[in-house]
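Reader: I would like to learn how to read a model of this kind, one feature at a time. Where should we start?

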Amino acid sequence: MKNTQVINFHIKGDERGSLVAIEQLKDIPFEIKRVYYIWGTEKEFLRGKHAHTELEQILICVSGSCKIRLDNGKEKQIVELKDKNQGLFIGQMIWREMFDFSDNCVLVVLASEYYDEKEYIRDYNEFLETIRTGINDSI
Ligand code: TYD
């Protein structure tokens with residue numbers, strides 16, 4: 001789906017174990033202003049349910065697994081994150097829902113912007129309307 005991408009990070013491994021390093025503007029397409037992580041979400045809960053007008057993010061499941069439903073207003077796609085070296089890039093104006101969290105899931109998010117509730121779209125109809133009218137330049 002346009003404006004989303006699964007990125008496979010290079011694993012530097014040896015007999016001691018594995019390591020992934022992520023450098024801004026090299027391994028991912030933006031400068032990192034914020035990192036947050038989510039854990040302890042039970043299987044029946046749905047998280048996310050919003051889109052961003054400005055923010056770009058990379059989601060990485062560093063433990064366990066979860067699924068992400070991506071929706072650009074026209075098509076939907078589900079991506080399962082379960083590999084520690086895999087990141088899901090989500091650009092602007094993509095509705096996302098995270099679900100099916102495994103018990104041990106830790107979801108790390110690298111974000112291109114500081115937290116700003118004003119650039120969230122939390123109403124699905126408003127999201128569709130914004131896509132339809134093309135008010136946001138990124139569409
Ligand atoms: P929320 O947006 O509901 O999380 P999710 O997208 O995973 O469903 O955020 C949960 C709470 O945390 C909410 O009160 C906003 C707050 N929050 C911050 O203060 N800073 C942040 O960077 C994020 C992502 C959330």
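Author: We start at the ligand. One of its oxygen atoms lies 2.3 Å from an N or O atom in the side chain of Arg 34. Keep in mind that this is a predicted model.

Reader: How is a distance like that read, and which other residues make such contacts?

Author: A pair of N or O atoms counts as a polar contact within 3.5 Å. By that reading, Arg 47 places a polar side-chain atom 2.9 Å from an oxygen atom of the ligand. Gly 48 uses its backbone instead: an N or O atom there is 2.8 Å from a ligand oxygen. On its own the ligand has 530 Å² of accessible area, and the protein covers 59% of that.

Reader: Which residues surround the ligand?

Author: The shell consists of Arg 34, Tyr 36, Ile 38, Arg 47, Gly 48, His 50, Met 98, Tyr 115, Tyr 120 and Arg 122. Sorted by class, five are nonpolar, two polar and three charged. Two strands, β4 (34-39) and β5 (47-52), each give at least two residues to this shell.

Reader: Take one of these, Tyr 36. Is Tyr 36 buried or exposed?

Author: Neither label fits. Buried means under 20% relative accessible area and exposed means over 50%. Tyr 36 has 24%, so Tyr 36 counts as partly exposed. This residue lies in strand β4. The C-alpha atoms of Tyr 36 and Leu 110 are 6.9 Å apart, although 74 residues separate the two in sequence.

Reader: The numbering of shell residues in β4 is 34, 36 and 38 in your list. What general idea helps with strands?

Author: In a regular strand the side chains alternate between the two faces of the sheet. That is the general pattern to have in mind when looking at a strand.

Reader: How do I read a sheet, and in what order do the strands lie?

Author: List the strands by their neighbours in the sheet. Here five strands form an open sheet in the order β8-β7-β10-β5-β12, with antiparallel pairing. At the edges are β8 (76-81) and β12 (120-121), each of which pairs on one side only.

Reader: How many bridges join the neighbouring strands, from β8 onwards?

Author: β7 (residues 66-71) pairs with β8 over six bridges, in the antiparallel sense. Cys 66 has Leu 81 as its bridge partner in β8. The hairpin of these two strands has four residues between them, and Gly 73 there has a positive phi near 95 degrees. β7 also pairs with β10, antiparallel, over five bridges; Arg 69 is matched there with Glu 97. At the other end, two bridges join β5 and β12 in the antiparallel sense, with Ile 121 in β12 as the bridge partner of Ala 51.

Reader: Which strands pair with β6?

Author: β9 (residues 86-90) pairs antiparallel with β6 over four bridges, and Ile 60 stands opposite Gly 87 there. Strand β11 (residues 106-111) is joined to β6 by six bridges, also antiparallel; Ile 58 faces Leu 110 across that pairing. β6 (residues 57-63) is mostly covered, with six of its seven residues buried.

Reader: You mentioned phi. What should I look for in that angle?

Author: Most residues other than glycine have a negative phi. Met 93 is an exception, with a positive phi of about 55 degrees. Met 93 sits in the loop between β9 and β10 (95-99), and its relative accessible area is 3%, so Met 93 is buried. Asp 100 also has a positive phi, near 60 degrees. That residue belongs to the loop between β10 and β11 and is partly exposed, at 24% relative accessible area.

Reader: Last, aromatic rings. How many aromatic pairs are there?

Author: The whole structure holds six aromatic pairs. One involves Tyr 115 and Tyr 120: the ring centres are 5.7 Å apart and the planes are at 70 degrees, so this pair is edge-to-face. Planes over 60 degrees apart take that label. Both tyrosines are also in the ligand shell, and Tyr 120 is buried, at 13% relative accessible area. Elsewhere, Trp 95, Tyr 124 and Phe 127 make up one aromatic cluster.

Notes
Residues numbered from 1 in each chain as written. Predicted model: local features only at pLDDT ≥ 70, side-chain atom pairs only at ≥ 80, totals over all residues. Heavy atoms only, no water. Near = heavy atom within 4 Å. Polar contact = N/O pair within 3.5 Å; in protein donor to acceptor, adjacent residues only side chain to side chain. Areas by Shrake-Rupley, 256 points an atom, 1.4 Å probe, with all protein chains shown as cover. Nonpolar A, V, L, I, M, F, W, Y, C, P; charged D, E, K, R; others polar. Pairing = 2+ DSSP bridges. Phe/Tyr/Trp six-rings, centres within 6.5 Å; stacked < 30°, edge-to-face > 60°. Buried < 20%, exposed > 50% of the residue type's maximum accessible area, 1.4 Å probe, protein only.
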